[in-house]
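These are my notebook entries on one structure, written down in the order in which I looked things up.

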Amino acid sequence: MAMLQRRILKSTLEEAKARFNFNWYPILSPCASFSTLPSSSTTATAHDHVPPHLPPFDYQPKPYNGPSADEILAKRKRFLGPSLFYYYQKPLNIVEGKMQYLYDESGRRYLDAFAGIVTVSCGHCHPEILNAIVEQSKLLQHATTIYLHHAIADFAEALASKMPGNLKVVYFVNSGSEANELAMLMARLYTGSLGMISLRNAYHGGSSSTIGLTALNTWKYPIPEGEIHHVMNPDPFRGVFGSDATRYAKEVQDHIEYGTSGKVAGFIAETIQGVGGAVELAPGYLKQVYDIVRKAGGVCIADEVQTGFGRTGSHYWGFETQGVIPDIVTMAKGIGNGLPLGAVVTTPEIASVMAQKIQFNTFGGNPVCSAGGLAVLRVIDKEKRQAHCADVGSHLIGRLRSLQDKHDIIGDVRGRGLMVGIELVTDRKEKTPAKAETAILFEKMRELGVLVGKGGLHGNVFRIKPPMCFSKDDADFLVDALDYAMSKL
Amino acid sequence: MQRFTPARRLLSEFKCSLRRQRRCFSQVAPNVVDNNDGFGPKIPSFDYSPPPYTGPSADEILSKRKEYLSPAMFTLYSKPLNIVDGRMQYLFDDKGRRYLDAFGGIATVCCGHCHPDVVEAIVNQTKRLQHSTILYLNHAIADFAEALANKLPGNLKVVFFTNSGTEANELAMMIARLYTGCHDIISVRNAYHGNASGTMGATAQSIWKFNVIQSGVHHAVNPDPYRGVFGSDGEKYARDVEDLIQFGTSGNIAGFISEAIQGVGGIIELAPGYLPAVYSTIKKAGGLCIADEVQAGFARTGSHFWGFENHGVVPDIVTMAKGIGNGIPLGAVVTTPEIAAVLTRRSYFNTFGGNPVCTTAGLAVLKVIEKEKLQENAFVVGTYLKERLTALKDKYELIGDVRGRGLMLGVELVSDEKLKTPAKLETLHIMDQMKEMGVLVGKGGFYGNVFRITPPLCFTKEDADFLVDAMDHIIARM
């Protein structure tokens, strides 16, 4: 896929270059004009002519004496296989991180607006979390749960206390894929049914079973998936019913009535689809669907791998933004600020079916990851990260919406808190994905010092999901950089 | 359906039955040694004192576990052990008491608990960069992949990093299925390969298999030299694989997966001659051979670095986890460039896999194994330990079999040597008593009657003596 991706990227970039005919590094060049997009009528701001500057940051990275980017790339090609893809035409050698910034081999600082894919929740090398990890690593890295240890118990208790309803039994695993695998197993055991339902455009994992739940062809290898069906995506921007949740929910009802025995094992969804391009489910959708699924004997699984831990700003968990309480919640990524850790939380009732056999995870709940996870929960509370996400997030979205008024290429700005998506289109009416332009802007942002993410089936959505210590100044810098880059297109 | 009976209940039942009847060994003294003061062998000396423990007590932890963790989560002893500190081959409980760790956190801690080189690597990298994903470059993953590939024979040089053995085996199975276009996979009865949907199918012990669909896996007769119907005749067992293919599949299969020495299954070494014969059969059927090195890999068998090398075969895909990072959550799949190319058909991505901290730790582990000659130590100490255990077997009828290689050893207990009746209760009792004496071993086997001895590879001859002497002391008093 990496080779295919690179070929596509190369050809779209060539195509774009030919079409738009502009220089790669226009510092003070006059504004280029698009042939296909109507030029904006607003007057050019100062940002159009001078590239914006990173907010100041009082930190010096250690000098780097390791292998160069080229050496690493050559080794990767040899020992990590052709399928291991990477960002950017000239890949970035990231050697150090501090809070919301990353440093390359030359010591250059970048604003990390993607957080290692929504994973570094508190900030790179956050001192408190670092301390917890280091101290525990010196005492005991691993012994397994066949012996007692307080770290797993304390962490499970703290996590359970963040959950509503009767969600208080925690299973620790090592990744989001493992968590969703386990959730699916629980659903099937508990209900005695097989059928799972997930949303088109969802991403739930890369293991052979979670590939079945994932619904984006880029990530789906041609293997048998078992009883899994994908329903219409309640996508307010591209969905056929706009934001009409009831119509989308009826789809689920129809699927159950016509496509299953009438009973299902469960339904799983992200509240804001991550890989799918920061798509927030139409308001009111989950409430209706949860009802329908439960009437069909199924359980409701909330995949909080990306939206959890206060990122949405308004609530701690993504599912809370839809006013529902799931039966099973899965999490990973931000749970450990980058530690390999995942979790499944469910009710004692559902957990009891798992007691029929032995289910054991060797690394799951190890002292170091549990200590790190507990530190993350404490930092999020102590530093009031959730409120911060709401604050900075609304500022960021506000500025992006203004940018949308200025640049026609911005088709949609969506999301909540610090989980934001910017969808680029070449035609606002047709919503034609602006793949080539996204690729160019993506590179441009990197040159300007901003590392964003990319998503959506067509790769035309910028995903802005930084460490939650991202500031208003960072937001301004990001938007100014985007403005600058777009004005130069 | 098999019910999972808690150890505590079995143990108390056992103690009651002992007082009621005589068994094949003379009656057990009702007051067994509670702690090791003055009686029996002494733990070898060790110059390290753990910092004082001021955290929650065992009871507090237990009650939190009951409330917030899986109801099926089990512990190994009638009075569960609160382990708070570890150093090399020793563990410490909340009272600062030292134990010999003969289980290694399930064959996972290979260099030693909190080995200074590994800890230093982890700490230094954690302070620099914990996580960024492979979307950006970082030298740690590349250097480790290279070092790992250099340890493997043939054209096995493309590495995929995962976070666990289950993830590694799942990926290996998917790769085999994609590469061949077939779905059928053969694994061996009594195997353990993981607990996700594909791997649960490959795992072949009912206690680990939930009542959910596990498709496309066929289980072959276990080439078990001790309990198997063909004894140690590997080739006879291999014919079962041929039959499975000829009669149970289309004739072409995706692949075959096995451990070189079954871990969870009770340290069962596959009968000699089995793997070469099976590999040949699999290749004829167009399938790939997957070697699960999660427990047997990384110098543990002593004679070789990898378990499969003991059988004289070269697999197409090798999976690893556990010891690869001395306890850090890490797994890997290594295969040939040709096979690896199947994943280019779509995108495969693992968020945490290959992160700088875990790969730095992995590289440190490889360096320690080499620098401290741990493979050689595993061979020397393991051979010595096996000899002493074999002598113990000659002494006590209770010990039915001693097997394994290097520091992956198993001791199977039977109440009848001829019938090989599993001595489950005795196993629990001895295990508990070993802990009281200061030795932590593991348990396994389908009947739960096998001691699994898979310590950190820095285990010494003195440690081996202590372990055997403790076992001797306990069995003598039964």
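**Entry 1: the contact between the chains**

I counted the salt bridges between chain A and chain B and obtained 6. I noted first that the model is a predicted one. For one of these bridges I recorded the partners: Glu96(A) pairs with Arg128(B), and their closest N and O atoms are 3.3 Å apart. I also found 41 residue pairs in polar contact between the two chains, both residues being at pLDDT 80 or more.

I then asked which elements of chain A supply at least two residues each of the side that touches chain B. They are the helices H2 (69–79), H3 (115–118), H4 (127–139), H5 (150–160), H6 (176–191) and H10 (348–353), together with the strands S1 (94–98) and S4 (169–173). Sorted by kind, the residues on this side of chain A are 64 nonpolar, 30 polar and 15 charged.

Chain A brings 109 residues to the contact and chain B brings 108. The size of an interface is often stated as the accessible area lost when the parts come together. For chain A and chain B I noted a buried area of about 9800 Å², with 66% of it on carbon and sulfur atoms.

**Entry 2: a salt bridge that joins the chains**

Side chains of opposite charge can pair when their charged atoms come close. I looked up the pair Asp154(A) and Lys64(B), whose side chains form a salt bridge at 3.0 Å, N to O. Asp154(A) belongs to helix H5 of chain A and Lys64(B) to helix H2 (residues 58–68) of chain B, so this pair joins two chains. Asp154(A) has a relative accessibility of 18% and therefore counts as buried, the cut-off being under 20%. Lys64(B), at 22%, counts as partly exposed.

**Entry 3: salt bridges within chain A**

Over all chains, the search of the whole structure gives 38 salt bridges. I chose Asp408(A) and Arg428(A), which meet at 3.9 Å, N to O. Asp408(A) is in the loop between helix H12 (385–406) and strand S13 (410–416), and Arg428(A) is in the loop between strand S14 (419–427) and strand S15 (432–433), so the bridge ties together parts of chain A that are 20 residues apart in sequence. Asp408(A) is partly exposed at 29% relative accessibility, and Arg428(A) is partly exposed at 37%.

I next examined Arg414(A) and Glu423(A), whose side chains form a salt bridge at 2.8 Å, N to O. Both of these residues are buried. They also take part in a network of salt bridges that links Arg238(A), Asp412(A), Arg414(A) and Glu423(A).

**Entry 4: two helices of chain A**

Helix H6(A) has 16 residues and reaches 22 Å from its first C-alpha to its last, close to the expected 22 Å. It is mostly covered, with 14 of the 16 residues buried. At the N-terminal end, Ser175(A) acts as a cap, a side-chain oxygen lying 3.1 Å from the backbone nitrogen of Glu178(A). After the helix comes Gly192(A), with a positive phi near 75°.

Helix H11 (residues 367–382) of chain A also has 16 residues and reaches 22 Å, close to what is expected at 1.5 Å a residue. I asked why H11(A) is described as largely enclosed by the rest of the structure. The reason is that 13 of the 16 residues of H11(A) are buried. Gly373(A) lies in this helix and is itself buried, with a relative accessible area of 0%. Beyond its sequence neighbours within four places, Gly373(A) is in contact with Phe155(A), Ile335(A), Leu339(A) and Leu341(A). The C-alpha atoms of Gly373(A) and Leu339(A) are 8.1 Å apart, although the two residues are 34 residues apart along the chain.

**Entry 5: two loop residues**

Is His149(A), in the loop between H4 and H5 of chain A, buried or exposed? I found it buried, with a relative accessible area of 8%. Its side chain reaches the backbone nitrogen of Ala151(A) at 3.1 Å. Leaving aside neighbours within four places in sequence, the contacts of His149(A) include Pro367(A), Ile61(B) and Asn82(B).

Glu397(B) lies in the loop between helix H12 (374–395) and strand S13 (399–405) of chain B. This residue is exposed, with a relative accessible area of 60%. Outside its neighbours within four places in sequence, Glu397(B) is in contact with Val414(B) and Glu417(B).

Methods: Residues are numbered from 1 along each chain as its sequence is written. Chains are lettered from A and ligands numbered from 1 in the order in which they are written. This is a predicted model: local features need pLDDT of at least 70, side-chain atom pairs count only at pLDDT 80 or more; totals for chains, interfaces and linings use all residues. Side-chain values use heavy atoms; hydrogens and water are left out. Contact means heavy atoms within 4.5 Å. Buried area is the accessible area (1.4 Å probe) that two parts lose on being put together, summed over both. A salt bridge is a side-chain nitrogen of Lys or Arg within 4 Å of a carboxyl oxygen of Asp or Glu. A polar contact is a pair of N or O atoms within 3.5 Å; within protein, one must be able to donate a hydrogen and the other to accept it, and residues adjacent in sequence count only if both atoms are side-chain atoms. Helices (H or I, at least four residues) and strands (E, at least two) are DSSP runs, numbered from the N terminus. Ala, Val, Leu, Ile, Met, Phe, Trp, Tyr, Cys and Pro count as nonpolar, Asp, Glu, Lys and Arg as charged, and the others, Gly among them, as polar. The expected span of a helix is 1.5 Å times one less than its number of residues. Buried means under 20% relative accessible area, exposed over 50%, partly exposed in between (1.4 Å probe, protein chains only).
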